[in-house]
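Colleague: Could you walk me through some of the charged side chains here? I would like the cut-offs along the way.

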Amino acid sequence: MSKGQAETEIAVARRLEETGRPESPNQISLDELRRWAVAYLDEYDEELTRFPDFAGQTHWNLWMRDVQLEDALFVVLVFRADEMEFICGTGDAFQVKSFAEREFPDNPDDLVPVMAARFSVPVGGLLLKREDVERWLGRGW
């Protein structure tokens with residue numbers, strides 16, 4: 001494992017741990033997040049075969065664990081050409097879902113600050129180098 005990959009894993013795991021409430025059933029493991037991100041990127045690759053003009057554009061996805069609705073834990077990954085931004089926070093599951101489905105900003109670059117203003121995001125966003133994220137995920141975008 002490269003130093004950058006190890007630092008990426010440590011930083012993401014620390015954010016997940018610091019954001020989730022220990023007593024809450026709403027936990028997301030580092031391995032779960034990795035699997036979800038890879039599955040998302042696989043699906044996004046399929047979309048690019050139908051919509052090749054989207055290649056190279058910023059894109060994002062949100063995942064949420066909402067066993068306990070009032071403090072759902074969410075993760076957002078924003079994939080840019082040379083980096084990925086990671087944010088995690090908590091909020092009411094229905095409000096997070098409504099935001100993701102109907103109220104997200106048109107510009108994906110506005111997504112992280114808007115979510116941080118609207119929901120509990122105790123440690124802010126984390127910018128990670130593409131090459132380190134690709135090693136962590138085992139694939140590119």
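What follows is a short exchange about salt bridges and burial.

Colleague: Happy to start with the ground rules; what kind of model is this?

Modeller: Local features need pLDDT of at least 70 and side-chain atom pairs count only at pLDDT 80 or more, while totals for chains, interfaces and linings use all residues, since this is a predicted model. Residues are numbered from 1 along each chain as its sequence is written, and side-chain values use heavy atoms, with hydrogens and water left out. So, in a word, the model is predicted.

Colleague: Thanks! How many salt bridges does the structure hold?

Modeller: A salt bridge here is a side-chain nitrogen of Lys or Arg within 4 Å of a carboxyl oxygen of Asp or Glu. Counted that way, the total is 15.

Colleague: Which residue forms a salt bridge with Arg-80?

Modeller: Arg-80 counts as buried because its relative accessibility is 13%; buried means under 20% relative accessible area, exposed over 50%, and partly exposed in between (1.4 Å probe, protein chains only). Its partner is partly exposed at 22%. The closest N and O atoms of the pair are 3.6 Å apart, and that partner is Glu-83.

Colleague: What separates Glu-101 and Lys-97 along their helix?

Modeller: These two side chains meet in a salt bridge at 3.8 Å, N to O. Glu-101 is partly exposed at 46%, and Lys-97 is partly exposed at 45%. Both sit in helix α3 (residues 93-103), helices being DSSP runs of H or I with at least four residues, numbered from the N terminus. Because they are 4 residues apart there, the separation is about one helical turn.

Colleague: Is Asp-132 buried or exposed?

Modeller: Asp-132 forms a salt bridge with Arg-135 (3.4 Å, N to O), and the two are 3 residues apart in helix α5 (residues 130-137). Arg-135 is partly exposed at 41%. Asp-132 has a relative accessible area of 12%, so Asp-132 is buried.

Colleague: Lovely. Which backbone nitrogen does the side chain of Glu-32 reach?

Modeller: Glu-32 lies in helix α2 (residues 30-50) and is buried, with a relative accessible area of 17%. Its side chain comes to 2.9 Å from the backbone nitrogen of Ser-29.

Colleague: And with which residues is Glu-32 in contact, leaving aside its neighbours within four places in sequence?

Modeller: Contact means heavy atoms within 4.5 Å. With those neighbours left aside, the residues in contact with Glu-32 are Gln-27 and Arg-65.

Conventions
Polar contact = N/O pair within 3.5 Å; in protein donor to acceptor, adjacent residues only side chain to side chain.
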